[in-house]
Amino acid sequence: MRQILLAALLALPTALAAQDDADEDLTLMERGAQLFFRGLMDEMEPAIEGFEGMAREFGPAMAEMMRQMGPALGALLEKVDDLSNYEAPEMLPNGDIIIRRKPDAPALPDTPEIEEGGSVEL
């Protein structure tokens, strides 16, 4: 949602500049909306400049992290399949965190079938 708002606010000055030529044809409501958005852009300009500075500062570190973590995350996502097939994480009394697979989720392709009362050696 924030990205959409930011993109709209960044595109707004171009649209407003294009409408400067047609200011005579605007209704009172359109002119009021235009003034409102210009004021909003003036107020948002320092924050937008701050986002640009933050992106320049953190961009290289984020790119490096994704370069290092990307293959591991991809391998993990291949094993997990669709996240909607899992329950919310649960913390056990001993501190372990488990994520149970939903009972109605389809079987994983490489998972052996377990008979009722059977066990699996890990």
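Within helix α2 of this predicted model, R67 and E64 sit 3 residues apart, which is about one turn of the helix. An α-helix has 3.6 residues a turn, so residues three or four places apart point the same way. The side chains of R67 and E64 do meet, forming a salt bridge with a nitrogen-to-oxygen distance of 2.6 Å. The two partners can also be described by how much of their surface is accessible: R67 counts as exposed because its relative accessibility is 55%, a value over the 50% cut-off, whereas E64, with a relative accessible area of 32%, is partly exposed.

The structure holds 2 salt bridges, and the other pair to look for is E90 with R100, whose closest N and O atoms are 3.3 Å apart. This pair links distant parts of the chain, since E90 belongs to strand β1 while R100 lies in the segment after β2 (97-98), 10 residues apart. Both ends of this bridge are partly exposed, E90 at 35% relative accessibility and R100 at 45%.

It helps next to place these pieces along the chain, which has 2 helices and 2 strands, arranged from the N terminus in the order α-α-β-β. Helix α2 itself covers residues 28-80, a run of 53 residues. What do its ends reveal about its course? The C-alpha atoms at the two ends of α2 are only 56 Å apart, whereas a straight helix, at 1.5 Å a residue, would reach 78 Å. A bend can be located in the helix as well: α2 turns by about 45 degrees at M69, and a proline, P71, follows within four residues. Just after the helix comes D81, a residue whose phi is positive, near 65 degrees.

The side chains along α2 can then be sorted by whether they are covered or accessible. The buried residues of this helix are Q34, M41 and I48. On the surface, by contrast, there is a nonpolar patch formed by F51, M54, F58, M62, M65, M66, M69, L73 and L76, which together have about 850 Å² of accessible area. M69, the residue at which the helix bends, is thus also a member of this patch. Another member, F51, has its place in helix α2 and is partly exposed, with a relative accessible area of 44%.

Beyond the helix, the loop between α2 and β1 (90-91) contains N85. Is N85 buried or exposed? Its relative accessible area is 11%, and because buried means under 20%, N85 counts as buried. Leaving aside residues up to four places away in sequence, N85 touches R101, K102, A105 and P106.

Finally, these local views can be set against values for the whole chain. Of its 122 residues, 7% count as buried, and N85 is one of the buried residues. The chain exposes about 10600 Å², of which carbon and sulfur atoms supply 62%. As for how the chain meets itself, among contacts with a separation of 6 or more, 17% are accounted for by residues 24 or more positions apart.

Notes. Residues numbered from 1 in each chain as written. Predicted model: local features only at pLDDT ≥ 70, side-chain atom pairs only at ≥ 80, totals over all residues. Heavy atoms only, no water. Expected span 1.5 Å × (residues − 1). Bend = angle between axes of the 7 residues up to and from the residue. Buried < 20%, exposed > 50% of the residue type's maximum accessible area, 1.4 Å probe, protein only. Contact = heavy atoms within 4.5 Å. Salt bridge = Lys/Arg side-chain N within 4 Å of Asp/Glu carboxyl O. Patch = residues over 30% accessible without salt bridge, like charges linked within 9 Å, V, L, I, M, F, W, Y side chains within 5 Å. Areas by Shrake-Rupley, 256 points an atom, 1.4 Å probe, with all protein chains shown as cover.
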